[in-house]
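Here are some short exercises to work through with the structure open beside you. Try each task before you read its solution.

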Amino acid sequence: MAATIIALAVSTLYIILTTLIAYWMRRYTDYYIRDPFVRSLFLEAIATGELCGACFELIIIADNWGVSMYGVYLFVLTIWWSLNWGDATACPYTHIEEVIEGTKSVRDAFLLIWAELVGGLAVFRYIQFLWALEIVSTHKNKAFEDCTTDLQVPVIFGAFIECVATCIYRVVSHGLNEINSRINVIIDSFIGTTLVIAAFDYSGGYFNPALATSLKYGCLGTSFMEHVIVYWVGACAGSIASLRVYKSPFVQQYMEQYKEKML
């Protein structure tokens, strides 16, 4: 039991270290980089690095202490990210949504997605260094072992799961952005965590192409094309579909009724 508690404490400290490094990197970026777009590129890369770095350690937690413990950590972290990332999203399809809505150019969206991929892929070397220290048994041989896919269903089913869950999450997020409640962050984090846990044993529940690529691209059991179909096409299709679903008469009528109750 003592060893288990110590191992969980080390994983927790690694996650805290990662978030603190990202926090100070954001502070320095805000202070030193004056150009708004260049600053946003750095902030997206930092946010994605923080997200992926923490989720690498969450894999260790899920493997050793179960999905419930994983969910608790993810819920708390999601709240932290919502409060600290500002306009950064660490998620490619949010920029695709903005292109479709006409609020962002294709060029800007492409560069922001590129920055996210750079941040997400680069952070593995940092995680590999921490794991190679092998301070606790749960990190033993993790730094250089071959990873395996989280996709436990056929590719089409996996893409469908990522698509539907992403659509649900984005519809809820759009709605929460309009409501302006003090508990929006908690509701958003709870729904996001619930969806991830629900899909955990099927597709892994990533709902974020940059996160999935950082953690699982090249892993045994999934080819390049399968990875793209499930985690990029599936998630991005769900995100794009959410724009139409949110603007549907049913959802808009519900939003109007909810707003009237809040008055």
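**Exercise 1. Find how far apart the mean positions of the positive and negative charges of the chain are.**

Solution. Keep in mind that you are working with a predicted model. Start by counting charges: the chain has 16 positive and 23 negative ones. Next, take the mean position of each set; these two points are 5 Å apart.

**Exercise 2. Describe the elements of the chain and their order.**

Solution. Begin with the count, which gives nine helices and zero strands. Then read from the N terminus on, and the order is α-α-α-α-α-α-α-α-α.

**Exercise 3. Decide whether the radius of gyration of the chain agrees with that of a compact globule.**

Solution. First, note the chain length of 263 residues. A compact globule with that many residues would have a radius of gyration near 18 Å. The chain has 19 Å, so the two agree. For another view of its extent, put a box around the C-alpha atoms along the principal axes: the box is roughly 55 × 45 × 40 Å.

Now look at what is covered and what is not. Of the 263 residues, 45% count as buried. The chain exposes about 14000 Å², and carbon and sulfur atoms supply 67% of that area.

Finish with the contacts. Take those between residues at least 6 apart in sequence: 77% of them join residues at least 24 apart.

**Exercise 4. Examine the salt bridges, and work out which parts of the chain the pair Glu97 and Arg170 ties together.**

Solution. The total is six salt bridges. Let us take three of them, one at a time.

- Glu50 and Arg26: their closest N and O atoms are 2.8 Å apart. Glu50 is in helix H2 and Arg26 in helix H1 (residues 2-32), so this pair links distant parts of the chain, 24 residues apart. To judge burial, use the cut-off of under 20% relative accessible area. Glu50 has 1%, so it is buried, and Arg26 has 5%, so it is buried too.
- Glu97 and Arg170: here the closest N and O atoms are 2.8 Å apart. Glu97 lies in helix H3 and Arg170 in helix H5 (residues 155-179), so the pair ties together parts that are 73 residues apart in sequence. Both Glu97 and Arg170 are buried.
- Arg107 and Asp108: the closest N and O atoms are 2.6 Å apart. For Arg107 the relative accessible area is 54%, so this residue counts as exposed.

**Exercise 5. Where is Ala90 found, and what is notable about its phi?**

Solution. Start from the general pattern: most residues other than glycine have a negative phi. Ala90 has a phi near 60 degrees, which is positive, and it is not a glycine. Its place is the loop between helix H2 (36-84) and helix H3 (92-101). With a relative accessible area of 0%, Ala90 is buried.

Now repeat the steps for Phe207. This residue is not a glycine either, and its phi is positive at about 55 degrees. Phe207 is in the loop between helix H6 (184-199) and helix H7 (209-216). Its relative accessible area is 8%, so Phe207 is buried.

**Exercise 6. Is Val38 buried or partly exposed?**

Solution. Locate Val38 in helix H2. Its relative accessibility is 33%, so Val38 counts as partly exposed. Then turn to Leu112, which is 74 residues from Val38 along the chain; their C-alpha atoms are separated by 9.5 Å.

Notes: Residues numbered from 1 in each chain as written. Predicted model: local features only at pLDDT ≥ 70, side-chain atom pairs only at ≥ 80, totals over all residues. Heavy atoms only, no water. Helix = DSSP H or I, 4+ residues; strand = E, 2+ residues; numbered from the N terminus. Buried < 20%, exposed > 50% of the residue type's maximum accessible area, 1.4 Å probe, protein only. Salt bridge = Lys/Arg side-chain N within 4 Å of Asp/Glu carboxyl O. Rg over C-alpha atoms; globule rule 2.2 N^0.38 Å. Contact = heavy atoms within 4.5 Å. Areas by Shrake-Rupley, 256 points an atom, 1.4 Å probe, with all protein chains shown as cover. Lys, Arg positive; Asp, Glu negative; His and termini not counted. Charge placed at Lys NZ, Arg CZ, Asp CG, Glu CD.
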